[in-house]
Amino acid sequence: MHGSLLRDVAFWWFLLDIDREFAQSARENGCSCGGHLHASNYFRNPRGGPDGLPKECCLRLSLCCGREGCRKRLTPPSVRFLGAKVYLLSVIFLAAAMRQGPSPRAMRELGTLFGADRRTIARWQVLWQEHFPQTRFWRVERACFVPALDVASLPQALLQAFFTSRNPRDDWERLLRFLAPITIAGGLAVAIRR
Ligand SMILES: [Zn+2]
């Protein structure tokens, strides 16, 4: 099952390492003012992960410009946190995907699995099915899928596109790296229609 890894603390250490990699490359790029970026991480209290998730795995990696007069905060992409949302990105994705398909899982079952109420899970469905296809991110990235993904089947269609190996950790990694650009401020901005 795609979800069993999400209950595994080791998976969250693995994802933290990917976030560290994102933070490192953002740091190397520096601030747009030319200043150096310093670590300015903060703790979050995410829901939907395993019991006893170590505090370090709840750390949102973030950076701050050290130049006087700038001090801009730069929060790099993440494979764990979706913007300011309380639930973890993979949980928000998977619960919505499991609602779809020929035998959708019942809200009650998903609620038990992920600790979210039915209204929250319904909001995640709206996010992936109605909002996500309109984002600038998707308008560009959809071209990478050959054959094209059926937008009406999002996010299940993405799950099927990425879960192709026999190694769920590799599949999750590829999917979450793909989605990481939407996790930053403005990452879910809607494309302007022309
Ligand atoms: Zn700066």
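The questions and answers below concern helix packing and salt bridges in a predicted model.

Local features here need pLDDT of at least 70 and side-chain atom pairs count only at pLDDT 80 or more, while totals for chains, interfaces and linings use all residues. Residues are numbered from 1 along each chain as its sequence is written, and side-chain values use heavy atoms, with hydrogens and water left out.

Reader: How are helices H2 and H4 oriented to each other, roughly parallel or roughly perpendicular?
Author: Helices are DSSP runs of H or I with at least four residues, numbered from the N terminus, and their axes are lines fitted to C-alpha atoms over the stretch in contact, with angles from 0 to 180 degrees between N-to-C directions. The axes of H2 (residues 89-98) and H4 (residues 118-131) come within 9 Å and cross at roughly 90°. Since 65 to 115 degrees counts as roughly perpendicular, H2 and H4 are therefore roughly perpendicular.

Reader: Which residue of helix H7 forms a salt bridge with Glu-21, and which parts does the pair tie together?
Author: A salt bridge places a side-chain nitrogen of Lys or Arg within 4 Å of a carboxyl oxygen of Asp or Glu, and in this pair the closest N and O atoms are 2.9 Å apart. Glu-21 lies in helix H1 and its partner in H7 (residues 168-179), so the pair ties together parts 156 residues apart in sequence. The partner of Glu-21 is Arg-177.

Reader: Is Asp-171 buried or exposed?
Author: Buried means under 20% relative accessible area, exposed over 50%, and partly exposed in between, using a 1.4 Å probe and protein chains only. Because its relative accessible area is 2%, Asp-171 is buried.

Key. Helix = DSSP H or I, 4+ residues; strand = E, 2+ residues; numbered from the N terminus. Parallel < 35°, antiparallel > 145°, perpendicular 65-115°, else oblique.
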